Structure formats: structure tokens, C-alpha cells
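Welcome to a short set of worked exercises. Have a look at the model first, and then work through the tasks below at your own pace.

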Amino acid sequence: SDRSAAAVRRQFLEYFEERGHRVVPSSPVFPQDDPTLLFTNAGMNQFKDVFLGTGTRDYTRAADTQKCIRVSGKHNDLEEVGVDTYHHTFFEMLGNWSFGDYFKRDAIVWAWELLTEKWGLPKDRLWVTVFGGDEADGLPADEEAEELWKTLTDIDHSHVLRFGKGDNFWEMGDTGPCGPCSEIHIDRGEPGSDPMVGADPVAGVNAGNERFIELWNLVFMQFNRMDDGSLKPLPAKSVDTGMGFERVLSVLQGKLSNYDTDLFTPIFERLTAIVGHRYGGSAGEKDIAFRVIADHVRAVSCAFADGALPSNVGRGYVLRRLIRRAARFGRQALGIEQPFLTDLVPTVSKVLGQAFPEVSARIEHIQLLVRSEEEAFGATLGRGLVRFEELAGKVGASGKGSIAGKEAFELYATYGFPRDLVDLMARERGLSVDQAEWDAAESAHQDASRSEGKFTQLLSAEQLDGLPATESTYHQSRAGSGHRSGDGS
Ligand code: ATP
Ligand code: MG
Ligand code: MG
Ligand code: MG
């Protein structure tokens, strides 16, 4: 059957629609009224009020594909991106929810059935984790979930493992809805060998290696984490699941990397046309650059389509940092001297526009923002790289491993290199940056734009609607039939 990105996304939504779920649209990549989050980091964000009991919907089961960005706060994957092949800054999280309706039993049975029967994933390669309890929170192990896995599914019982709070107690942020969870991981095997040969499978789950990846998290929402750290029971028991779309797609397409799926290959083809170099899927500098660039251009395109604007603080600065990071990889690893990210935007729109029509509707707007960001940084990027080489060379010759924070900070103040980028460049050379010195230099340098405030720099809904639509194909996706009520009450 069809295993294209569009088909798999549809298959997921249809599967849950058939089981009484309302298919709803993704919310924007930044939460509307939540001061605890810069970016939407999970599918459940748009339902936070329902879990807390402060809002309602006219349905008790929902499913969607949610645009997520994980580059800040509790969930920050920036340093993984491009280095590995399964963490993105921007990704889609497929999810199904029960609001006080079904609980662990149905969530587990349906997840297993979809993966192993509808999609035919090999059962002997799947591993499941359950919450092993936590003393500090006074919570017991989730024996109920463990039992359900062993009695209601045909998973090998030795493949059901217990893990602690770090992996199996899901929290949105420092406060807010949370609960024990049960996750499904897949053993993709050592490349080219039998899946069970090699590393100890039990030790591989949650070990952060490329062989075992986490596919799907089933969260049993039961608590609200309060400001003082205590857990308060939620008014109703709910289910919140999240599956990494790019990850499950890679598995279904028989690939070992998310970047080898049809969500990324068109972007790589376009980039190849620009740089004349082909992506090779390796851990080498050029291939990392390809992955970082494709990842970051997806993230900023979706954020700009949703009305974010680049700025020097908060959310807007996160996006500016992504563009500068991508530009640096383009210049240093691929030798691109001119703005190029903007040329990838139409391809991003081709890849994501069907699921997220706001991206295709606003191509020109996105391109304008990306181009002006690239041009602004392009003016100092080359000189900054030269200056960095001087600093790194000096430190290397001195035998010390650390670049003085004051000099490193100059790369930010004079050449616009974000701190995370300077740190990354130092790491690439086996060096570090003296962080305390950077902090001191930074507070000495009064940043006038700081008063802008963390959560400003968004286009209003009216301004967004006023943008010229650039494609006549602007249409509501089939997910667009969802109806929300009780928002922000
Ligand atoms: P991991 O342990 O791999 O970092 P996670 O436990 O942080 O994942 P969850 O918060 O449980 O992730 O999110 C639900 C699902 O979303 C995960 O099971 C995974 O498939 C997917 N996912 C999480 N982070 C990313 C990311 N940065 N890029 C792509 N997919 C992701
Ligand atoms: Mg993670
Ligand atoms: Mg995890
Ligand atoms: Mg998880």
C-alpha cells in the first residue's frame, strides 16, 4: 500500500477517525495564550485547558498532526539536530486524545494494532516501556499498563521494560499537565545485520543510540504539576499520545534516517542544485550541513507562516538563530556565499503545504523574511568566521582548550554570531568557550533591544489574513473540518 508521507499521515488520521476521533487542525507553532511556552512542543498543548478542566470541546476524542518546535525550555533538541538522523527542531507529532473518555486499555490496544496490523511493523523488533515509579513524587510503578501490554497484545513479554521518571513520566514544562507514560520503541538493528545481533537490546532502549528509536509515547494524563513542584490530580483521567511522524515514516519507507524520506529528499535535491554537491547520508561535515539546513528551513518557514517575526529576543531570536546557524553551515561546510535558504522555501511548501496550507499560502512572505535575515547576517558572516579562526588558532597554539569569553562574545556583539553557534563552532574544533566570562561580557554590554519583551514579535491574525495569498491552491486540508469551542475561556 501507499507509504508516501501524505498517505501515511492520512492513514493515521483515518485510523482514529474510524474509532470515533474528531480530526482537528494543528494549532500554530507557538501557543496562543500560554506564557509558559515559547513554542508548541507537543500535540497536547492546544488541549491544555481541557486537561486542566478550564476549557471544553464538543468532542471527547481527537486526532491530528501537530507542528512542533523543540528548541527551548524543557524540550530542547537543537544540539542533536543534524548530528543524529531522528531529532528535528521542527517535526510533526501525530496524536490521538481522550478527554475523560477511554483510558490506558484502548490507547494501548489501538497503538499496537495500528503499528503491527495496519502498518505491519515486525513485532519482534518492537519494545515497550512503562513507568517504574518514583519515590520523590510518591508514585508507584504502572503495573496496570504493564499488565495490559502483556494480556491484550501479543508483544514478547521480555520486551516490556520499566523506566523511571526521566523517560516514562511525561511533563509539558516545569508546570502543567503530566502523567506516567508508556512508549513504543523500535530496534532497527545494526545496519546490515540481524536485528538481535550486536548490542544488548535491553540496554539499547532509551540509550540515545541510532539503533533503537522511540516512536510513540502514550501519556496517561492524571496530574497537574504545580508551582511548588507538587502533583495535583486532574479533574479527569485522559489520554495524550504523540508519535514522531518523520520517524514512523522512515520505518515504513524502510529507511534508517528521517532524512531519507520524501519529507526531506526534495529539499536535498533543491540544495544539490544550488551547491552542486550530493547528500551522502554520512556523519561528515557536508552531510551534517545538509541535514541542519533542511531541518532549519522547515522550522523557520512554518514559524513565519504562523506569523512569527525574527527579532533579537525571545521567540523571534530563536528563529533568527536557526537562520544564522543554517547560513553558517552553508557557508563553511558547503561554500555557499550568497543567500540560499530563501530558494528552499518553495520546496518546503511543496513538501508540507498539503498538510499545512498556510505555508503555501504565504511563500512570498516567508521568503522575504528569510532573505532579509540571510542578507543581514551575510554581511558579517565571512568576517566573523575569519575572526573565529584567529581566536581558535591562538587558543590552539596556547595549548589551552578554552576561548576567552570576552573575545568570543565579540563574535556576537560585532558579527552577530549567536551564542549557541559560537559554542558549536568551538566544539567542532575540540575547544570550549569560557561561559562565565561570556556572561560577564554580556551583562556589561547593555542590549538595548532587551526591553522588547519575550513574547512580542508576532503578526496578529488580522495582519496574517491581510497577507497576499501566493497560490490559488489555498484550501482547507481535510483536517480543517475540526471545530473548536470553549477556547481561552
Ligand atoms: P526522544 O527520547 O527521542 O528525545 P522524547 O521522549 O523527548 O523523544 P516525547 O516528548 O515523548 O519525545 O514526544 C513524543 C514523540 O515525538 C516521540 O516518541 C518521538 O517519536 C517524537 N519526537 C520527540 N522529539 C522529536 C524531535 N526532536 N524530532 C522528531 N521527533 C521527535
Ligand atoms: Mg527528547
Ligand atoms: Mg524519550
Ligand atoms: Mg518520550
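For the first exercise you need one cut-off: a residue counts as near a molecule if its C-beta atom, placed from the backbone, lies within 6 Å of it. Please keep in mind that this is a predicted model.

**Exercise 1. The ligand shell**

Task: Find which residues come nearest to ligand 1, and work out which elements supply its shell.

Solution:
- Step 1. Collect the shell: there are 15 residues around ligand 1, and those that come nearest are Asp77, Phe91, Asn217, Gly242 and Gly244.
- Step 2. Assign the shell to elements. Two or more residues come from each of strand 5 (90-98), strand 10 (212-225), strand 11 (231-244) and helix 7 (245-252).
- Step 3. Pick out the main contributor: strand 10 gives the most, with 4 residues.
- Step 4. Sort by class. The shell around ligand 1 holds 5 nonpolar, 5 polar and 5 charged residues.

**Exercise 2. The strands around strand 10**

Task: Starting from strand 10, trace its partners on either hand and say how many bridges join it to strand 9 and to strand 11.

Solution:
- Step 1. Take strand 11: it runs antiparallel to strand 10, and 9 bridges join the two. Val219 stands opposite Asp240 of strand 11.
- Step 2. Look at the connection. Strand 10 and strand 11 form a hairpin with 5 residues between them, and Gly229 in the turn has a positive phi of about 90 degrees.
- Step 3. Turn to strand 9, which is joined to strand 10 by 10 bridges, again in the antiparallel sense. Two register points are Pro177 with Asn224 and Ser182 with Leu218.
- Step 4. Check burial. In strand 10, 12 of the 14 residues are buried.

**Exercise 3. The other partners of strand 9**

Task: Say which way strand 6 and strand 8 pair with strand 9, and whether strand 9 is mostly covered or exposed.

Solution:
- Step 1. Strand 6 (residues 126-131) pairs with strand 9 in the antiparallel sense over 4 bridges; here Leu126 stands opposite Ile186.
- Step 2. Strand 8 (residues 169-171) is also antiparallel to strand 9, over 3 bridges, with Glu171 bridged to Cys178. A hairpin of 4 residues joins strand 8 to strand 9.
- Step 3. Count the buried residues: strand 9 (residues 176-187) has 12 of 12 buried, so it is mostly covered.

**Exercise 4. The whole chain and its domains**

Task: Describe the overall fold by its secondary structure and its radius of gyration, and then describe how the two domains meet.

Solution:
- Step 1. Count the elements: the chain has 17 helices and 13 strands.
- Step 2. Test the overall size. A compact globule of 489 residues would have a radius of gyration near 23 Å, and the chain agrees because its value is 23 Å. Its C-alpha atoms fill a box of roughly 65 × 55 × 50 Å along the principal axes.
- Step 3. Look at the packing: 45% of the 489 residues count as buried. Among contacts with a separation of 6 or more, 74% link residues 24 or more positions apart.
- Step 4. Divide the chain into domain 1 (5-252) and domain 2 (264-465). The contact between them takes 21 residues from domain 1 and 20 residues from domain 2.
- Step 5. Examine the side of domain 1 that touches domain 2. Helix 1 (5-17), strand 2 (61-69) and strand 3 (71-72) each supply at least two residues, and strand 2 has the largest share, 3 residues. By class, this side has 13 nonpolar, 6 polar and 2 charged residues.

How values were computed. Residues are numbered from 1 along each chain as its sequence is written. Chains are lettered from A and ligands numbered from 1 in the order in which they are written. This is a predicted model: local features need pLDDT of at least 70, side-chain atom pairs count only at pLDDT 80 or more; totals for chains, interfaces and linings use all residues. Ala, Val, Leu, Ile, Met, Phe, Trp, Tyr, Cys and Pro count as nonpolar, Asp, Glu, Lys and Arg as charged, and the others, Gly among them, as polar. A residue is buried if 20 or more other C-beta atoms lie within 10 Å of its own, exposed if 12 or fewer, and partly exposed in between; C-beta atoms are placed from the backbone. Two strands pair if DSSP finds at least two bridges between them. The radius of gyration is taken over C-alpha atoms; the globule rule is 2.2 Å times the number of residues to the power 0.38. Two residues are in contact if their C-beta atoms, placed from the backbone, lie within 7 Å. Domain bounds come from an automatic or database domain assignment.
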